[in-house]
Amino acid sequence: MTGQDWFEKDFYATLGVAKDASAEEIKKAYRSKAKKLHPDRHPGDKNAEEQFKKVGEAYAVLNDPEQRKQYDAIRAMGAGGARFASGPGGAAGGFEDVFSAVFGGPGGSNVRFQTNGGGPRMEDIFSMFGQGAGGGFPQGAGGYGGGFGQGTGGYGGAPAKGRDLSARTRLSFREAALGTEIRLTVGGRPVTARIPAGVHDGQKIRLRGKGEPGPNGAPAGDLLLTLDVESHPVWSADGNSLRLTVPVSFDEAVLGATVQVPLLDGGTVSVKIPAGTPSGRILRVKGKGLTTSKGTGDLLVTVQVAVPSHVEGRARRAVEELRDALAGEDPRSGLAEAAGR
């Protein structure tokens, strides 16, 4: 993602929250939308998949206080345009003015931006201070790139860090859920990085110091890494919680039972199926979800009653007797009335 993208994308609208929404409101909105748009619920639906990625992108920025502050500053500047207006006496706005507009530091207020009139883009503006087009302002879900004055020294004479780089990598569901160490080649150099537990498909993470080395021994830039997470035939993630569907037999659902359910990191956990459990009911096992920096989630077990495809002999007669015994019960009672409301 380029700096211009931050002008054009309204992450608050994507999540459906106000610009002054609290961190908790943003998290709640993200979880709700991510749950509704999750690819497991819309197999083969490219539009839902794209919307799911947009929601993840918006959350990655707004959930990080520093990135959100930078994003708000950029959007505020972009409200009026993207070119410099002259300062008092016709003089062009100086570096202090740009610094003030972006970071709230000292300086005048004689700089404004507008998108019409063919003015330069944000990348063009920052390139005047040594930030090249590939310098990483701001890319992915990260914040600002290598800083002002790259290649010749930063603001105030401080050494400029190296350029930020972008890369993409694919992870299995298990690697994304539990965390892993990856090795890849970026810019012709081998890079080893630790991926934290609980990342999701389409998420962008910033790896500090994994970008291009800085000149003359200056700090390296950052690596903005986009993650492609493969789906799993059994597991899916819902925030810090893990979901899976467990088949149970008809008699287990009717009479109740205790079944063994697998855990993602190995082993099993005993889950009690209450008598009369219908297909589709979700049972929660506390503390058996994903463990991340934000805590440990739960295991959400969806019960699926398995119906035998072939029933003969005594089994068939038993089912027929059950049918006769329950002849007075209508599982569809009230359906027609509810459908006509």
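**An open sheet and two nonpolar cores**

Three strands are arranged in an open sheet of order 1-5-4 with mixed pairing; strands are DSSP runs (E, at least two residues) numbered from the N terminus, and two of them pair if DSSP finds at least two bridges between them. The edge strands, each paired on one side only, are strand 1 (165-171) and strand 4 (204-207). The model is predicted, so that local features need pLDDT of at least 70 and side-chain atom pairs count only at pLDDT 80 or more, while totals for chains, interfaces and linings use all residues. Residues are numbered from 1 along each chain as its sequence is written, and side-chain values use heavy atoms, with hydrogens and water left out.

Strand 1 pairs with strand 5 (residues 223-229) in the parallel sense over seven bridges. Within strand 5, Leu225 stands opposite Ala167.

Asp164 is located in the loop between helix 7 (122-127) and strand 1; helices are DSSP runs of H or I with at least four residues. Asp164 counts as buried because its relative accessibility is 1% (buried: under 20% relative accessible area, 1.4 Å probe, protein chains only). The side chain of Asp164 forms a polar contact of 3.3 Å with that of Arg206 (a pair of N or O atoms within 3.5 Å, one able to donate a hydrogen and the other to accept it; residues adjacent in sequence count only if both atoms are side-chain atoms). A polar atom of the Asp164 side chain also lies 2.8 Å from the backbone nitrogen of Asp222.

The largest nonpolar core (buried Ala, Val, Leu, Ile, Met, Phe, Trp, Tyr and Cys residues joined through side-chain atoms within 4.5 Å) has 22 residues. Val261, Val271, Leu299 and Val301 have the most contacts inside this core. A second, separate core of 17 residues includes Leu165, Ala167, Ala176 and Val229.

Conventions
Buried means under 20% relative accessible area, exposed over 50%, partly exposed in between (1.4 Å probe, protein chains only).
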